[in-house]
Amino acid sequence: CYQVQSETAVDLSGSVISASDNKKIAVFAGNYANRVPYEHEGRDHLFEQMIPTSCWGKAFVLTGSVMRTNDRVRVTALNDNCQVRKDGVLLATLNARQTYEFEMTSSTPVAYLETSEPTSVFLYFTGAWYGGENGDPSMVVINPIEQKMDNVTFSTFNSGTIAYHYINVVTKTTNVSNMTLDGNSISSEFTTVPSQPDFSYARITINHGTHTLSNTSSGDEKGFIAHVYGLASWESYSYSVGSMMVAIPTNAHLIVNG
């Protein structure tokens, strides 16, 4: 275990971490009490596992947060001359390890992001004084659409104050009729992405507890990406429900302290 901590206000985005001799590592990063954006009060810890560069992607559907007026998105490039386009409009051209940040608002709750080189994309909840009283800074990886999965069971988190829970789901438009949550069809919840009608998205209110999200389509284009989040006054959590980048055995045994 090894920790690197920057000096005050120094951004570590774009840092390269590698292991010799093909050893396996996991990398986590964030900030212990950050404001998003920095000029506005309302701070919380940011913490997320970093995605291996071999699993970065070039196409993403971004969905804004329910009950929030503003979200932030950060895109980090793997290679030079990386063109970043949002809904077909060129936002920036990045060199390797550079990061570009832009904002999504409640008036435009979805966007299609394309990059000419592999990128890592994170969505950030903004502070309570900037994006709405319900919520506070949090960060969540946005999986590329290449990393779709077709079934997942997940749980919401209750800190004692979290009052509202949501899941944002993205799937191919042709798959919408086969999307279920806890065995019930959620096809009516989906809306086509205006700039990329091949995809549709839904932002669904859920109860606190354990849920199963499934797509029963067949063929190579089946599946979805999704992230879960919860909000309360000056409080939030968020996480990706997972992706197909890692195969996790479901029949393994876990033993802690015997």
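Which strands each supply at least two residues of the lining of the largest cavity? The first legend below takes this up, and the others move on through the rest of this predicted model.

**Figure 1. The largest cavity and the residues around it.** Strand S3 (57-63), S11 and S17 are the strands that each give at least two residues to the lining of the largest cavity. The space inside the largest cavity comes to about 80 Å³. Its lining is made up of Val61, Leu62, Thr63, Val141, Ile142, Asn143, Asn168, Val170, Ile225, Ala226 and His227. Sorted by class, seven of these lining residues are nonpolar and four are polar, with no charged residue in the lining of the largest cavity. If you would like to look further, the structure has three cavities of 30 Å³ or more.

**Figure 2. The second largest pocket.** Here the view turns to a pocket with about 170 Å³ of space, the second largest. Lining the second largest pocket you will find Asp44, His45, Leu46, Phe47, Pro137, Ser138, Met139, Glu235, Ser236, Tyr237 and Ser238. At least two lining residues come from each of strand S2 (43-49), strand S9 (138-141) and strand S18 (235-240). The mix of classes in the lining of the second largest pocket is five nonpolar, four polar and two charged residues.

**Figure 3. A five-stranded open sheet.** Follow the strands across in the order S14-S15-S11-S17-S18, and you trace an open sheet with antiparallel pairing. Strand S14 (191-192) and S18 sit at the edges with a single partner strand each, so one side of each has no neighbour in the sheet. As a reminder, strands of a sheet pair through backbone hydrogen bonds, either parallel or antiparallel.

**Figure 4. The S11 and S15 pairing.** Zooming in on the sheet, strand S11 (residues 164-172) and strand S15 (residues 199-206) run antiparallel and are joined by eight bridges. A handy landmark is Thr171, whose bridge partner in S15 is Ser200.

**Figure 5. Arg72 and its two glutamate partners.** Of the salt bridges in this model, six are found in the whole structure. In one of them, Glu101 and Arg72 bring their side chains together at 2.5 Å, N to O. This pair links distant parts of the chain, since Glu101 belongs to strand S7 (residues 99-105) and Arg72 to strand S4 (residues 70-77), 29 residues apart. Is Arg72 buried or exposed? Arg72 counts as buried, with 17% relative accessibility, while Glu101 is partly exposed at a relative accessible area of 34%. Glu103 also makes a salt bridge with Arg72, and the closest N and O atoms are 2.6 Å apart. Here too distant parts of the chain are linked, with Glu103 in strand S7 and Arg72 in strand S4, 31 residues apart. Glu103 is partly exposed, its relative accessible area being 27%.

**Figure 6. A salt bridge between two loops.** Asp150 and Lys222 form a salt bridge in which the closest N and O atoms are 3.2 Å apart. Asp150 is in the loop between S9 and strand S10 (151-155), and Lys222 is in the loop between strand S16 (210-215) and strand S17 (224-232), so the pair ties together parts that are 72 residues apart in sequence. Both residues count as partly exposed, Asp150 at 30% relative accessibility and Lys222 at 31%. Elsewhere, salt bridges with shared partners join Asp11, Arg72, Arg74, Glu101 and Glu103 into one network.

**Figure 7. Asn175 and its polar contact.** Look for Asn175 in the loop between S11 and strand S12 (179-181). Asn175 is buried, with a relative accessible area of 4%. Its side chain and that of Ser217 are joined by a polar contact of 3.0 Å.

**Figure 8. Two loop residues with positive phi.** Met67 is a residue other than glycine, yet its phi is positive, near 70°. Met67 lies in the loop between S3 and S4 and is partly exposed, with a relative accessible area of 34%. Asp87 is not a glycine either, and has a positive phi of about 50°. The loop between strand S5 (82-86) and strand S6 (89-94) holds Asp87, which counts as partly exposed at 32% relative accessibility.

Note on methods
Residues are numbered from 1 along each chain as its sequence is written. Side-chain values use heavy atoms; hydrogens and water are left out. On a 1 Å grid over the protein atoms alone, a cavity is a set of points where a 1.4 Å probe fits but cannot get out, and a pocket is an open set with protein on both sides within 12 Å along at least five of seven lines; lining residues have an atom within 4 Å of a point. Grid points are joined across faces, edges and corners, and a volume is the space filled by probe spheres set on the points. Helices (H or I, at least four residues) and strands (E, at least two) are DSSP runs, numbered from the N terminus. Ala, Val, Leu, Ile, Met, Phe, Trp, Tyr, Cys and Pro count as nonpolar, Asp, Glu, Lys and Arg as charged, and the others, Gly among them, as polar. Two strands pair if DSSP finds at least two bridges between them. A salt bridge is a side-chain nitrogen of Lys or Arg within 4 Å of a carboxyl oxygen of Asp or Glu. Buried means under 20% relative accessible area, exposed over 50%, partly exposed in between (1.4 Å probe, protein chains only). A polar contact is a pair of N or O atoms within 3.5 Å; within protein, one must be able to donate a hydrogen and the other to accept it, and residues adjacent in sequence count only if both atoms are side-chain atoms.
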